[in-house]
Structure formats: C-alpha cells, structure tokens
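Q: Please give a close account of a single part of this protein, placing it in the context of the whole chain.

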Amino acid sequence: MMGQLYTEMSIVMENVKFNRATIVPEVGKVEIIVMIQKGSGKFEVVEGDTAIVTGKIRLVTNLSKEKVPFDVINRNIDVNDEEEELDERDIYKELKSRGYQYSGLFRSIRSVSVSRKKGHIEWKKNWVAFMDNLLQMIIFNLDSRNLVMPTGIRKLVIDINAHQQYLQSVTSKEKYVPVQYYKNIDVIAAGGVEIHKVRASEIARKRSIYDPLIEEYKFTAYRDRKIMSLQEILTLSIHITLENIPIMIKMKTIELVDDKDNISTEELVSPVILDILNNLSMVEVNVNVFASRNKLEDIPKGVIVAEPNMIETDDIASFAIGCGDYIDGIRPNTTKY
C-alpha cells in the first residue's frame, strides 16, 4: 500500500464479514485473491468467483482515537488478582471436546483464569497464529458445547509500535503476551491488538453413525493385587496413554507372532485393542498383526495382517505386543503376554 511491510504498519479493520469457510485440502492448494479499493479502503478476499471475506481497512497514525479509552478499560477490570489456574492442557482438552483440533502454532494459549477473562498467549513471531489464538479465547468464553465459528468482527485494531514495545520489554526467551477479555464491552486485547464485538454462529456437527457409548469414571488401584481381565488391563493402558498424550489422534499398535509361538487367532490381543479403540471418538485406529502367512486364520475385520519382515526399523507405535517368554534360555509351551 505504501511500500511498507505489513509487520511495520498499524491498521484498523472494520465491519469484517466472513461469508463462508474455505476448506484447505491436505494435498494441493487453494488460490485466494485479495483486492483493496484505493480511497475507500474496502477489501474483498475472493476464492474463485465468490467473495469469502469483506470489510474495510485503513492505515492509522493516531491510535489513541481507535482503541478503547483507558477510563472504560479501568471500569471493566475486575479480575486483576485472579490466578490463571487453567493450563494449556486444560484449555485445549475443553476445546477438543467441543470439536476443535488445534496443533503447532495454533496451540499457543498457555494459561487462563477460571473466569476465562484473562490469560497469556505465547508470541511465536506469527501474526496469523497470534490472531487465531485471540479468537480461540473468545470461543473459550462462549457458553456453548457446540462448534462455533466467527462470522464477523466489528473492529480490529493492530498497533505495531505498542506490540513491539511490549515484546522488547520481555527479557525471557519465551514471549508470553497477557490477554484480557472485557466481557461487558465485548472487547479482547493482547499486546498491541484489540478485537471488538466478534459475531459467531454455531455449525451443525456431522451426526455420528455409531451407537451411543455409556462410560463411567472408576478408580482403580495399582497395587491392590486384584485379578483383572485382559480387557480391563488394556482399557486402562490405552486410556492412560491417550490422557498423557492429549494431541494424539492416531494410535498405532503392533502385535508380533513368531512361528514358534503356540497361539491361535482367539488368543490375539489386537482384536481386543481394536474393540476398545473403536469406542473412542476422534481417534484414528491402526492395529497391526505381524505373522507368517497361514499362521493365523479368520482375522477379525479391521486388523491389518502382514509378514514379520514388513516391520520397519523406524516404525513408531503406541503399543508393541509380543507373545512367549524365555526362562533360562528355554521357551515354555504356555503363551504369556
């Protein structure tokens, strides 16, 4: 616009409308054209023949007239002393339960207070990710268990100088920017950014084709020497694994059956694991059995069978299962997991 980089320009956007969402494919690309009218500052983001985003943008120098006045801010601050007790895991576990899957740069909210009015976002030198994390804070504040997407923004202020001044004042390697949500006036602010009056609408979720699953929370002691079934042991192991790796959406398991193993198809562990994983939502299942051809018959559908030499040395799996045991160099006849 003026021969400057976008990282050097303070701007104001107004009346931004997101007309529809754009799906970015895993393979290939989406061509998007941005058009800005000289004079009026009206802009359109076009995909194909459709304007998917519209609004107005302008450069500003006197940002004090664009931001929320300090006296209004002071009247709406009522949680300054509140501890930020929710950490990253708590935040994104809640968002995941609503249907959001965030990772990488777009998973940068580090802490939030219980009232959800204040928190910290890590600055990773990426404006797109930073702005998205601000919108996540707004979504996190909505009293809805449904999937919600922004459809409009009344006003967006980006003060480059104020943002850079704050970052320079932080001496630590990680740059955590405080974020404050003023619910009464519907404004969220962090660093040099203010977002005013975000409008959002619910998106209908795809209906599940599976039967509903009824679960329960049950305490299980580790050292009570209680006899448990293989199904119970595997269920506990899988749930503990998923809880400690919250971003896991793909689980791969490997079961190796040697030619000398005295084991039948009914004694395989993989079908049990498959049943457990199929009852978990949002987990992609990859259950494998490596055994010689004709070693096993009637393998349940969904379990992948391959020759043992097909195992790759750098293969990564959440569970590796083998049968048989060696005692003083001798393999007993009994099968043991």
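The answer below concentrates on one sheet and its surroundings, and then turns to a helix elsewhere in the chain.

A: The model is predicted. As an overall setting, the protein has 337 residues, of which 36% are buried, and its secondary structure consists of 6 helices and 15 strands. Of the contacts between residues at least 6 apart in sequence, 69% link residues at least 24 apart. The exposed area of the protein comes to about 22500 Å², with carbon and sulfur atoms supplying 52% of it.

The part chosen for the close look is an open sheet built from 4 strands, in the order β14-β13-β12-β15, with parallel pairing. Its edges are formed by β14 (303-306) and β15 (319-322); each has a single partner strand, so one side of each lacks a neighbour in the sheet. On average, and with direction ignored, neighbouring strands of this sheet are turned by 20° against each other.

The pairing of β15 can be followed in detail. Its partner is β12, residues 250-256, and the two strands run in the parallel sense, joined over 4 bridges. Within this arrangement, Glu255 stands opposite Ile321, a residue of β15.

A helix accompanies the sheet. Helix α6, which spans residues 270-278, packs on the sheet and touches β12, β13 (284-290), β14 and β15. The direction of α6 makes about 180° with that of β13.

Elsewhere in the chain, helix α2 offers a second view of packing. This helix covers residues 88-97, and its buried residues include Ile91, Tyr92, Glu94, Leu95 and Lys96. The buried residues of α2 pack against two strands, β5 (86-87) and β6 (109-112), and against helix α3 (127-141).

Asp90 also belongs to α2. Asp90 is partly exposed, because its relative accessible area is 36%, and the partly exposed range lies between the 20% and 50% limits. Between the C-alpha atoms of Asp90 and Ser111 the separation is 8.8 Å, although these residues are 21 residues apart along the chain. After α2 comes Gly99, which has a positive phi, near 115°.

Taken together, the sheet is an open one with β14 and β15 at its edges, and α6 packs on it with contacts to β12, β13, β14 and β15. Helix α2, for its part, directs buried residues against β5, β6 and α3, while its residue Asp90 is partly exposed.

Notes:
Residues are numbered from 1 along each chain as its sequence is written. This is a predicted model: local features need pLDDT of at least 70, side-chain atom pairs count only at pLDDT 80 or more; totals for chains, interfaces and linings use all residues. Side-chain values use heavy atoms; hydrogens and water are left out. Two strands pair if DSSP finds at least two bridges between them. Axes are lines fitted to C-alpha atoms, for helices over the stretch in contact, and angles run from 0 to 180 degrees between N-to-C directions. Contact means heavy atoms within 4.5 Å. Buried means under 20% relative accessible area, exposed over 50%, partly exposed in between (1.4 Å probe, protein chains only). Accessible areas come from the Shrake-Rupley method with a 1.4 Å probe; for residues, only the protein chains shown count as cover.
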